[in-house]
Amino acid sequence: MNGRNLRLGVWTVAAGLALVVGVVGGCKSKYDKEPEPDATGTYASLDNLLPKSKEIDQAWVRATEAIAHYLPTGQVQPPAPGAKADESAPKDIAASPVGADAPLFAEYGHKVSVVQQYIKKNAPTTITVQVNQMDDPNDAFGVFSVSAAGERAAGSWTAAKKGPGIVAFVKGPYFVVVREQADPEYKPGKDSGPAAAIEPLEAFAEAVASKIYAGPALPTLLEKLPQGNQTAGSEIYVRGPLGIGKLASLPIANRKALVQALGFTGESRVTMALVTYKPVGGANNTVFVASYPTSDEATTAAANLTTYLNGATTAERNAVAATAARNYVVGTFNAEEESVQRVLPKVISDLGG
């Protein structure tokens with residue numbers, strides 16, 4: 001082979017190898033994604049709380065490049081007549097995975113939410129992360145306290161609960177929900193290798209929590225209730241009628257009457273903290289303290305509650321005890337001896353009543 005043919009042969013082999021490499025490299029699946037850059041734009045601070053693959057497991061990737069944004073009901077502007085809908089534009093919170101609680105979110109000062117799905121090769125489920133920003137940490141804790149269910153979960157957050165296929169936590173002004181869902185495209189054996197183990201949901205939750213720089217503080221009103229003998233994870237913060245409606249264990253069936261008596265209208269500035277106590281040898285009892293703008297409003301609310309109870313069932317009258325103390329109404333939803341003789345007097349004394 002002369003020099004010219006030798007050079008031509010080498011060039012042909014090199015070109016062929018480059019073509020093969022190019023073809024192989026170009027056949028990427030939906031699981032082969034480039035590292036996600038930091039987000040920019042209007043919601044960058046919220047978008048950047050979402051986990052990146054390198055923060056969990058390189059095998060987990062975002063299902064789509066786009067991040068979905070959701071605003072409170074009434075804040076989303078519909079497209080102009082005849083205009084093409086912008087798929088990247090924010091949507092109504094009612095269309096998000098927590099859409100059923102959209103009115104409750106509004107009661108707790110919802111500002112904006114982001115949602116992202118994650119997939120893993122040969123895994124039978126997808127992971128959905130939703131970060132909801134509320135007005136302040138009190139509101140975030142409140143919506144968590146009345147909507148999250150399950151067992152307590154430990155981590156770098158203020159509080160968290162875990163149930164089948166779901167972890168919800170609160171930290172700072174954020175209420176975060178992480179879910180597992182069946183992957184409609186998954187078929188056993190369609191990808192090589194054994195089925196991938198599902199990453200613990202807490203790993204995704206922790207990836208978000210680690211980016212939120214806030215202390216694990218509870219609403220100040222909850223701190224006015226005695227710490228001893230509290231049932232861990234029973235803290236609740238309410239600021240409206242929908243929150244009251246979520247309190248399934250209250251001994252008052254007529255929630256509307258309770259809302260009216262205590263003045264929990266949508267426009268009021270009334271808030272309530274509740275904690276369940278489990279004294280040694282006694283029955284569980286839920287103690288509450290409701291805060292009012294003025295002492296007159298608190299006195300009126302306590303009187304209204306007494307009026308309601310006077311016409312209520314015997315069981316309700318025996319279960320509820322309440323009194324006004326300065327600009328608070330302090331009471332119990334299980335009026336047994338431990339609450340009335342030990343807990344309530346201490347709460348009233350601490351409030352200066």
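On a 1 Å grid over the protein atoms alone, a pocket is an open set of points where a 1.4 Å probe fits, with protein on both sides within 12 Å along at least five of seven lines, and its lining residues have an atom within 4 Å of a point. The model is predicted, so that local features need pLDDT of at least 70 and side-chain atom pairs count only at pLDDT 80 or more, whereas totals for chains, interfaces and linings use all residues. Residues are numbered from 1 along each chain as its sequence is written, and side-chain values use heavy atoms, with hydrogens and water left out.

The protein chain has 10 helices and 14 strands, taken as DSSP runs (H or I, at least four residues, for helices; E, at least two, for strands). Of its 353 residues, 44% are buried, meaning under 20% relative accessible area with a 1.4 Å probe.

Helix α4, residues 137–147, is mostly covered, with 8 of its 11 residues buried, among them Phe-141, Gly-142 and Phe-144. At the N-terminal end of α4, Asp-136 acts as a cap, a side-chain oxygen lying 3.0 Å from the backbone nitrogen of Asn-138.

Helix α4 also takes part in the lining of the second largest pocket, to which α4 and β7 (159–163) each supply at least two residues. This pocket has a volume of about 230 Å³, and Arg-152, Thr-158, Ala-159, Ala-160 and Gly-233 lie nearest its centre among its 16 lining residues. The table gives the lining by class.

| Class in the lining of the second largest pocket | Count |
|---|---|
| Nonpolar (Ala, Val, Leu, Ile, Met, Phe, Trp, Tyr, Cys, Pro) | 9 residues |
| Polar (the others, Gly among them) | 4 residues |
| Charged (Asp, Glu, Lys, Arg) | 3 residues |

Technical notes: Buried < 20%, exposed > 50% of the residue type's maximum accessible area, 1.4 Å probe, protein only. Polar contact = N/O pair within 3.5 Å; in protein donor to acceptor, adjacent residues only side chain to side chain. Points joined across faces, edges and corners; volume = space filled by probe spheres on them.
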